[in-house]
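Visitor: I would like a close look at a single part of this model, the strand that pairs with its neighbours inside one of the chains. Please take it slowly, and then place that part in its wider setting.

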There are 2 protein chains.
Amino acid sequence: MNYNENSAIGVFDSGIGGLTAVKELIKLLPNENIIYLGDTARVPYGTRSPQTIQKYAAQNFRFLKSFNIKMIIAACGTVSSVLSTMPSYSDGDCLNGFFYTGVIRPAAQAAVSATKNKKIGVIGTDATVRSQSYKSLIQSILPGAEVYQKACPMFVPLVENGYTQRDCIPCVEIAKEYLTPLKEAGIDTLILGCTHYPIISDVIADIMGSGVKLISSGGEAGRYAKAVLAENELLSRRQEKGSITLYCTDSAELFCKNAEHFLDGITPMEIKTCTLDSE
Amino acid sequence: MNYNENSAIGVFDSGIGGLTAVKELIKLLPNENIIYLGDTARVPYGTRSPQTIQKYAAQNFRFLKSFNIKMIIAACGTVSSVLSTMPSYSDGDCLNGFFYTGVIRPAAQAAVSATKNKKIGVIGTDATVRSQSYKSLIQSILPGAEVYQKACPMFVPLVENGYTQRDCIPCVEIAKEYLTPLKEAGIDTLILGCTHYPIISDVIADIMGSGVKLISSGGEAGRYAKAVLAENELLSRRQEKGSITLYCTDSAELFCKNAEHFLDGITPMEIKTCTLDSE
């Protein structure tokens, strides 16, 4: 164990979506140093096979482990769900030299606490839904829960291209198509299983109605990470604000341009391009 | 020179879009062996930086060169446009051991032949439009031509997710937004600069009207490749049908599922997953 309470928190995502989790983390833990990695040269992960996602995730872990870090957060619904099917990556566990969490357990626990009728919806990428990770975890925590899943592959491109307004016809039409079956199933809680989705939470809320509680998986991961660090006496005692460093695998200039919607509220110390091993 | 007239034609694309070019190639040259590579583990290329696209393209070239090939076709608007800004990749040239063409010169020549009012539109990915490759080539072939470009980043996800019907509201709405400025500019010819776009040519034609000629860049590349091979006496003399082998960098199963719309008319001998060097 080389870390201490002033070591950084490493956060990674396939691209820029994970910045929604960073934003929550800064609110909850303003004094922590955060190192973020967005694999923008290979985004999106959500349409790829589990084997490819595992390979990419391993490279992301190795990159973040090259810094002095105490925790890694997979702020990516796709990676979290694929890793959660592997026994060695359990949310909240201490792995080889750092604490780890993805978004699955944090979001599943929040959904189970929120539901009254035991009918929970999950939206995410193709890979997240295929993995069945939310469904199996929710049903193990809350036996008898009914879990309705729907892959929403168009949400990431819509968000990344700025089709996010409440009255944006393509976004609303596609969202209605995805969400109507979940609404008809009578769910009272919906997990936004991809860290891009909070950007269109207005569109989603309008369709689902006020009776359905939306759970942000990235936001819950931030709260969960804080609890794990507190329990292990690893919260920073720094008095000043922590530093935020952003890495990406494609050009930093392109990252800044694409991340505009996501960077609001984040003031990075620097944004740099990096190379992952055997990328 | 190790190739002869019975060597294969290598074709690559970032994903499945290049199969529209393969389909044209099979119609034009039914007796040729074709080896196709789709880099499905890293699709799409169109949002990436020129440096990253060049790196990925070099890996695709090295993979195809490991076979006995006489020609490589970059059936990807993004790769073609980035390479066409480099002096060593000129469409129709003999490179280091094989003939090469991208889609830029073939499509630009076809557009210049088709236009009557010298107003040509180009639609493609962000990277294609940023490269200015179509604009500079068209204006060097046809001085005084006016070239109107528009990046259409949502077309690839719409096509890959099956939003392709003539009356599909999200597809039609987004297409109207992209194409209205080109229509208002009075173009009479429109280059579909990405090999995904022919799949939604009905939607595009409805918006542009019957006075606008659509040019399929992948289709033109096929015709151009045939002419280059004929000129160099490299057309196959095989009597029987050629074999089609498809490689992808992510799972072959996923490739088959996603390529459904694109494979119509193509009967591959096999579909295999491959690994690119230092991927």
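Guide: A good place to start is a single pair of residues: B:Phe12 has B:Ala74 as its bridge partner in S3(B). The model in which this pair is seen is a predicted one, and what follows should be read with that in mind. The pair belongs to a longer run of contacts, for strand S1 (residues 8-13) of chain B and S3(B) are joined by five bridges and pair in the parallel sense. S3(B) also has S4(B) as a partner, again running parallel, and here the number of bridges is three. Within that second pairing, B:Met71 stands opposite B:Phe99 in S4(B).

How many of the six residues of strand S3 (residues 69-74) of chain B are buried? Six of the six are, so the strand is largely enclosed by the rest of the structure. The cut-off behind that word is 20 or more other C-beta atoms within 10 Å of a residue's own. B:Leu95 offers a contrast, because with 14 C-beta neighbours inside 10 Å it counts as partly exposed. B:Leu95 belongs to the loop that lies between helix H3 (77-83) and strand S4 (99-101) of chain B. As a general point, side chains in a regular strand alternate between the two faces of the sheet.

The corresponding strand of the other chain can be described in similar terms. Strand S3 (residues 69-74) of chain A is mostly covered, with six of its six residues buried. Strand S1 (residues 8-13) of chain A pairs with S3(A) in the parallel sense over five bridges, and in S3(A) the residue opposite A:Ile9 is A:Met71. A:Met71 takes part on the other pairing as well, since its bridge partner in S4(A) is A:Phe99; S3(A) and strand S4 (residues 99-101) of chain A run parallel and are joined by three bridges.

To place the strand in its chain, it helps to turn to the domains. Chain A is divided into domain 1 (8-102 + 219-273) and domain 2 (105-218), and the centres of the two, taken over C-alpha atoms, are separated by 21 Å. Where they meet, 32 residues of domain 1 of chain A are in contact with 25 residues of domain 2 of chain A. On the side of domain 1 of chain A that touches domain 2 of chain A, helix H1 (19-28), H2, helix H3 (77-83) and helix H10 (217-231) of chain A are the elements that give two or more residues, and the largest share, six residues, comes from H10(A). By character, the residues of that side divide into ten nonpolar, 16 polar and six charged.

Chain B also holds an open sheet of four strands, with parallel pairing and the order S6-S5-S7-S8. Strand S6 (146-151) and strand S8 (213-216) of chain B stand at the edges with a single partner strand each, so one side of each is left without a neighbour in the sheet. Neighbouring strands of this sheet are turned against each other by 20 degrees on average, direction ignored. Further in, strand S5 (residues 119-124) of chain B and strand S7 (residues 189-192) of chain B run parallel and are joined by four bridges, with B:Leu192 in S7(B) as the bridge partner of B:Ile123. Helix H4 (residues 104-114) of chain B lies across S5, S7 and S8 of chain B, at about 160 degrees to S8(B), while helix H8 (residues 169-184) of chain B lies across S5, S6 and S7 of chain B, at about 170 degrees to S6(B).

Finally, there is the relation between the chains. Chain A is superposed on chain B by a rotation of 180 degrees with 0.0 Å of shift along its axis (RMSD 0.0 Å); the two copies are thus related as by a two-fold rotation axis. The same surface serves both copies, as 100% of the contact residues of chain A recur in chain B. The contact takes 18 residues from chain A and 18 residues from chain B. On the side of chain A that touches chain B, helix H2 (50-65) and helix H8 (169-184) of chain A each supply at least two residues, and H8(A) gives the largest share, four residues.

Notes
Residues numbered from 1 in each chain as written. Chains lettered and ligands numbered in written order. Predicted model: local features only at pLDDT ≥ 70, side-chain atom pairs only at ≥ 80, totals over all residues. Least-squares fit on C-alpha atoms with pLDDT ≥ 70 in both. Contact = placed C-beta atoms within 7 Å. Buried ≥ 20, exposed ≤ 12 C-beta atoms within 10 Å, placed from the backbone. Pairing = 2+ DSSP bridges. Axes fitted to C-alpha atoms, helices over the stretch in contact; angles between N-to-C directions. Domains from an automatic or database assignment. Nonpolar A, V, L, I, M, F, W, Y, C, P; charged D, E, K, R; others polar.
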